[in-house]
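Please open the structure in a viewer and keep the selection tool at hand. The tour below proceeds stop by stop, stating at each one what to select and what is there.

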Amino acid sequence: NEFAVQADLLPSLSFEYSILDFFIMVNETHHKTAPVHMYAFQLSKQVVHLITKDKHSSNSSTFSIPGIRSTGSIKNEVVKGVSQMKLRSMISIDLIAMSLDASLIDSLLTAQSLVGNEVSELVEVLSYSKKKSTTTATATAAAAEAKEPVVSSSTSRVFKYSIDISLDGLQVSASSPSALGMFRSNLLEASISNDDDPQETTTAAADQLSWKLQARNFSLSLDHNTVQDIDQALTNNKEDAVYQRNCLAYILVDFSVQNCMPTCTTANCQKDTHAHACDGNTPTGAIFIDFSRIQTVMQPIALGKLAEMYIYYDAELGKKKMMKKAEIDQLSANTKRIVQSISSKNEWPKALLQEEPQSLLENKTICLHVRRLGVAIPLNSQSDLPSSSSYSSSEHTRGVSALLLSVVSIEFITKNIEKGALQLDNLAVQFVKRFDQNKADHFIAENHPRMNQVSLPSI
């Protein structure tokens, strides 16, 4: 019950991927309309080994990919005279935990670059070959139909699907001599579908692909790199949103992204920063980004620690890249020879070679909503120190002084990156005497005394 694949990406880099405990079950149930095929799938464990070799020794970096489970159904039915195949699927992925260092990051980037370049070259060749063969077949069929028309009563079957994906969470850490970066999240959910429910009110057109991604307690933190902090961060309860206490800096967000823009139903609303239901012209091809909460804390020394961490990784990755440069150049030349032997680019149309890549944001309406934005800079010297048992909990509950920037609401919309509108409500900057970063309401200026405050009700 094990499957393994091994490949030598470079003379100094090998890749090994193994699957453990793979299980799949399919059964058929009979309904009044048509039979339904149910399936269950489970992949308990996946392991990736990246082995780097030199003249004297070899090192192996190993990380595990969590278990994956999926259940769903497939059925055939006829809707409004059209035959449809419908897929309903739910995919669940366990918590992803990973500790990164410079060697592992370099191996991952090298593997991605090598495999990605080769795959893109082959896809480009196969795509052109497929287009060419399809064009020839279409022309032949059209000529035959012109000579002898054929009437066919059958129609092609339409494939409809609805897939829900959930990830239990992320815990990724990266350390340098001076700081520890922690990337965490709780449950992440995503859905993708081209089968709209006719009973639900939706702005999407029929057969249009709709998708949504949402996450809660999505956090990135920077902390002192001490043994005590690393142990506490790794053993911290998964339900805790982010290791906040005495962090040098962190950002915590709740957000959702979808390709369907909600409409405002308020009567006589004059705002230009969102779509209105009364207009009747809800934009298609829209991207709606909603941040229901953004909390940021940055200690005064955090920028220096972040710069040191960046310089460390940039130097280490630069050294490893130079060591592999000759091998990568040789492999790139071999790949180009293979591609040219499959199909000569001299035969390709100039329009295909000169086609400029289009931006993903072109001809799209982008709408951004942000609620409860708070950015705090603690001003007490005690907040710069690593956590210790001598620092009593009463000092935390009393809070520290801080400079606070808060915005209750931000709405922004842009069409084709040419026209835009922005509105900020209740923007405030103030010095607060008692700020506790573990309390969400302390990030909003309304919950503090109005002394030492600059307030802008609306921009």
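In this tour, contact means that heavy atoms lie within 4.5 Å. The model shown is a predicted one.

**First stop: M309 and the cores**

Select M309 and display its surroundings. Leaving out residues up to four places away in sequence, M309 touches A174, S175, S176, S178, A179, G181 and L222. Now widen the selection to the largest nonpolar core, which has 20 residues. M309 is among the residues with the most contacts inside this core, together with F63, L100, L222 and Y313. At least two residues of the core come from each of β2 (13-30), β3 (35-53), β7 (96-100), α1 (102-147), β9 and α3 (302-342). Next, select F255, I287, V370 and L424, which are included in a second, separate core of 15 residues.

**Second stop: G169**

Move to G169, in the loop between β8 (158-167) and β9 (170-175). Is this glycine buried or exposed? G169 counts as buried, because its relative accessibility is 0% and the limit for buried is under 20%. Show its partners beyond the neighbours within four places in sequence: G169 is in contact with D94, L95, I96, S185 and N186. Then add L188 and draw a C-alpha to C-alpha distance from G169: the two residues are 6.4 Å apart in space and 19 residues apart in sequence.

**Third stop: strand β12 and its partners**

Select strand β12, residues 210-224. Which strands pair with β12 in the antiparallel sense?

- Strand β10 (residues 179-185) pairs with β12 over 6 bridges, in the antiparallel sense. Within this pairing, A179 stands opposite H224.
- Strand β11 (residues 188-193) is also antiparallel to β12, with 6 bridges. Here the bridge partner of S191 is K212.
- Strand β13 (residues 249-258) pairs with β12 in the antiparallel sense over 9 bridges. A215 of β12 stands opposite F255 of β13.

**Fourth stop: aromatic pairs**

Display the aromatic side chains; the whole structure holds 7 aromatic pairs. Begin with F22 and F41, whose ring centres are 5.4 Å apart and whose planes meet at 70°, so the pair is edge-to-face. F22 belongs to strand β2 and F41 to strand β3, and the pair links parts of the chain 19 residues apart. F22 is partly exposed at a relative accessible area of 42%, and F41 is likewise partly exposed, at 21%.

Then select F218 and F255. This pair is edge-to-face, with 5.3 Å from centre to centre and 85° between the planes. Because F218 lies in strand β12 and F255 in strand β13, the pair ties together parts that are 37 residues apart in sequence. F218 is partly exposed, with a relative accessible area of 21%, whereas F255 counts as buried at 16% relative accessibility. Add F183 and F291 to see the cluster that ring pairs form with F218 and F255.

**Fifth stop: salt bridges**

Side chains of opposite charge can pair when their charged atoms come close. The whole structure contains 8 salt bridges.

Select D195 and R88, whose side chains meet in a salt bridge at 2.6 Å, N to O. D195 lies in the loop between β11 and β12 and R88 in strand β6 (residues 82-93), so this pair ties together parts that are 107 residues apart in sequence. D195 counts as buried, at 16% relative accessibility, while R88 is partly exposed at 32%.

Next, select E77 and K75, which form a salt bridge with their closest N and O atoms 3.8 Å apart. Both residues are partly exposed: E77 at 22% relative accessibility and K75 at 33%. Add K86, R88 and D195 to the selection to display a network of salt bridges that links these residues with K75 and E77.

Finish with R371 and D290, a salt bridge whose closest N and O atoms are 2.8 Å apart. R371 is in strand β17 (residues 365-378) and D290 in strand β16 (residues 286-298), so the pair ties together parts that are 81 residues apart in sequence. R371 is partly exposed, with a relative accessible area of 41%, and D290 is buried, with 14%.

Notes
Residues numbered from 1 in each chain as written. Predicted model: local features only at pLDDT ≥ 70, side-chain atom pairs only at ≥ 80, totals over all residues. Heavy atoms only, no water. Helix = DSSP H or I, 4+ residues; strand = E, 2+ residues; numbered from the N terminus. Buried < 20%, exposed > 50% of the residue type's maximum accessible area, 1.4 Å probe, protein only. Pairing = 2+ DSSP bridges. Core = buried A, V, L, I, M, F, W, Y, C linked by side-chain atoms within 4.5 Å. Phe/Tyr/Trp six-rings, centres within 6.5 Å; stacked < 30°, edge-to-face > 60°. Salt bridge = Lys/Arg side-chain N within 4 Å of Asp/Glu carboxyl O.
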